Amino acid sequence: MEFETSNIGICIRGVDLRTASPSEMSIVKQKLYQHRAIIVKDQQIDEAGFCDVSRRFGEPVPYLQENYHHPEYPLIFVSSNVVRDGKKMGVARTGGYWHSDTSFQGTPINHAIGQNIQPKIRCSVSGSPSM
């Protein structure tokens, strides 16, 4: 694996999160907690794979409000302004500012995993421990 620090967190190259060994995942998790945010480059992950990868970081928790859920994969929170077949995909403009979802709960989630699908940008998967 290769690591490159940035203004926010660290970029990781040279690991496929779908097939990473337990020792590689241990390093990725260590970097997440050390830098508070990671960007893992060059990931090709479909929806089912995204759910599998999220389990490699811990037990995933679906978002509280079902209108944010992906129609086939309720573990996936959909933030989108895309309209497909006349129907909105997820909820638009949810990422306009940084915030910590579920911080109001007795046991908030300790990290979030995201994947940008459209348009493609330089990072694919990121996470951040709660602060």
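Is Tyr68 buried or exposed? Tyr68 is buried, at a relative accessible area of 15%, where buried means under 20%, exposed over 50% and partly exposed in between, with a 1.4 Å probe and protein chains only. Before I go on, please keep in mind that this is a predicted model, in which local features need pLDDT of at least 70 and side-chain atom pairs count only at pLDDT 80 or more, while totals for chains, interfaces and linings use all residues. Residues are numbered from 1 along each chain as its sequence is written, and side-chain values use heavy atoms, with hydrogens and water left out.

Let me begin with the overall layout. The chain contains two helices and seven strands, these being DSSP runs numbered from the N terminus, with H or I over at least four residues for a helix and E over at least two for a strand. Along the sequence they come in the pattern β-β-α-β-α-β-β-β-β. Of the 131 residues in the chain, 30% are buried.

Now to the aromatic residues. I count rings of Phe, Tyr and Trp (for Trp, its six-membered ring) as a pair if their centres lie within 6.5 Å, and I call planes under 30 degrees apart stacked, over 60 edge-to-face and the rest tilted. On that basis there are three aromatic pairs. In one of them, Tyr63 and Tyr68 have ring centres 5.1 Å apart and planes at 70 degrees, so this pair is edge-to-face. Tyr63 also pairs edge-to-face with Phe77, at 5.1 Å centre to centre and with 85 degrees between the planes. That second pair links distant parts of the chain, 14 residues apart, although both Tyr63 and Phe77 belong to the loop between helix H2 (47-55) and strand S4 (83-84). Tyr63, Tyr68 and Phe77 together make one aromatic cluster, and within this cluster Tyr68 is buried, whereas Phe77 is partly exposed at 32% relative accessibility.

Turning to the start of the chain, Met1 sits in the segment before strand S1 (2-5) and is partly exposed, with 34% relative accessibility. Met1 joins Phe3 and Ile27 in a nonpolar surface patch with about 220 Å² of accessible area together. For patches, the residues must have over 30% relative accessible area and no salt bridge, with like charges joined within 9 Å and nonpolar side chains (Val, Leu, Ile, Met, Phe, Trp, Tyr) within 5 Å; the areas come from the Shrake-Rupley method with a 1.4 Å probe, and for residues only the protein chains shown count as cover. Phe3 has a further neighbour, since Lys31 lies over its face at 4.5 Å from the ring centre, the criterion being NZ of Lys or CZ of Arg within 6 Å of that centre and within 35 degrees of the ring normal.

What about charged pairs? Taking a salt bridge as a side-chain nitrogen of Lys or Arg within 4 Å of a carboxyl oxygen of Asp or Glu, the count is two. Asp16 and Arg18 form one, with their closest N and O atoms 2.6 Å apart; Asp16 is partly exposed at 26% relative accessibility, and Arg18 likewise counts as partly exposed, at 44%. Asp52 and Arg55 form a salt bridge at 3.3 Å, N to O, and because these residues are three apart in helix H2, about one helical turn separates them.

Finally, the cysteines. Cys11 is buried at 10% relative accessible area and Cys51 is buried at 5%, and the structure has zero disulfides, a disulfide being a pair of cysteine sulfur atoms within 2.5 Å.
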